[in-house]
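Colleague: Could you walk me through a few features here and how to read them?

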Amino acid sequence: IMTTRFIAPFALYAIAYADRGATVFVNPDDMTATAVLDLGTTDQPGHADNKAKLVLNKTAAYAALLHITSSPRNQQEVAEFLEDWAEEACCFDEQGAIKTPLAIAAVRKITIESAQKVESDAQILSATRSAFESIRASSKDPIPTLIHFTCQPYADLAERTFTLRLSVLTGDKAPKLVLRMQKAETHSEEMANELASRIEDAIGTELPVLVGQYSKAA
């Protein structure tokens, strides 16, 4: 099995060693492609042992994006993510764009404020007591609610913009921040279709390219 990280050598190998029935299968779940070069035909099936495998590597920026959005993070983690990838990130709140240094400062300064008011009226035969408690997240600087993160997800794919929605979890003493990627499934589908299209462009009409996963029957 020949394995590569790039479309060009994958296509060249597949074309050079393609036999009857050779087909390329693009797996959208893990962004890989497998060229089964000796698949054969229905009447004369091949051994399906000669294969070429394309395994795209995530770019550093995309890997960092997937990591920061995988679970709730503390303020330092989110602030450092924005610092490390400041050129790729554009921050916004309800009023519009926020300069990235201000957004980073806001993330670092988020505090959990708890306000409690207790009123009591003690009498000889009765007592009344009421309490109000509220918790909110605040910062002196504008807290970003949306982050547009633009990067090339894989080396052979086009640059795209991912939209992240920031929310603050206030259940603990220290706030936790959640960055949720919007339309994540749509991005996955579009990247898989783009991969299939680029393989088709590289291979031409030599081999059919199908979106799906191939497994050899036992």
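Modeller: Sure, beginning with the element names: helices (H or I, at least four residues) and strands (E, at least two) are DSSP runs, numbered from the N terminus. This is a predicted model, where local features need pLDDT of at least 70 and side-chain atom pairs count only at pLDDT 80 or more, while totals for chains, interfaces and linings use all residues. Residues are numbered from 1 along each chain as its sequence is written, and side-chain values use heavy atoms, with hydrogens and water left out.

Colleague: Where is M31 found, and is M31 buried or exposed?

Modeller: Buried means under 20% relative accessible area, exposed over 50%, partly exposed in between (1.4 Å probe, protein chains only). M31 sits in the loop between β2 (23–27) and β3 (32–36), and is buried at a relative accessible area of 4%. Its phi is near 55°, a positive value in a residue other than glycine. K183 also has a positive phi of about 55° without being a glycine. K183 lies in the loop between β11 (176–181) and α5, but is exposed, with a relative accessible area of 64%.

Colleague: What span should the 20 residues of helix α5 have?

Modeller: Take 1.5 Å times one less than the number of residues. For α5 (residues 184–203) that gives 28 Å, and the end C-alpha atoms are 29 Å apart, which agrees. Just after α5, G204 takes a positive phi of about 75°.

Colleague: Which residues touch the most other members of the largest nonpolar core?

Modeller: Such a core is a set of buried Ala, Val, Leu, Ile, Met, Phe, Trp, Tyr and Cys residues joined through side-chain atoms within 4.5 Å. Of the 50 residues in this one, V24, L82, L195 and I199 touch the most other members. Its largest share, 6 residues, comes from α5. Contact means heavy atoms within 4.5 Å; beyond its neighbours within four places in sequence, I199 is in contact with residues including I7, F10, V24 and V209.

Colleague: In what order do the 5 strands of the open sheet come?

Modeller: In general, strands of a sheet pair through backbone hydrogen bonds, either parallel or antiparallel. Two strands count as paired if DSSP finds at least two bridges between them. Here the order is β6-β5-β9-β10-β11, with antiparallel pairing. β6 (96–98) and β11 stand at the edges with a single partner strand each, so one side of each has no neighbour in the sheet. Between β5 (residues 89–93) and β9 (residues 146–151) there are 4 bridges, and C90 has H148 as its bridge partner in β9.
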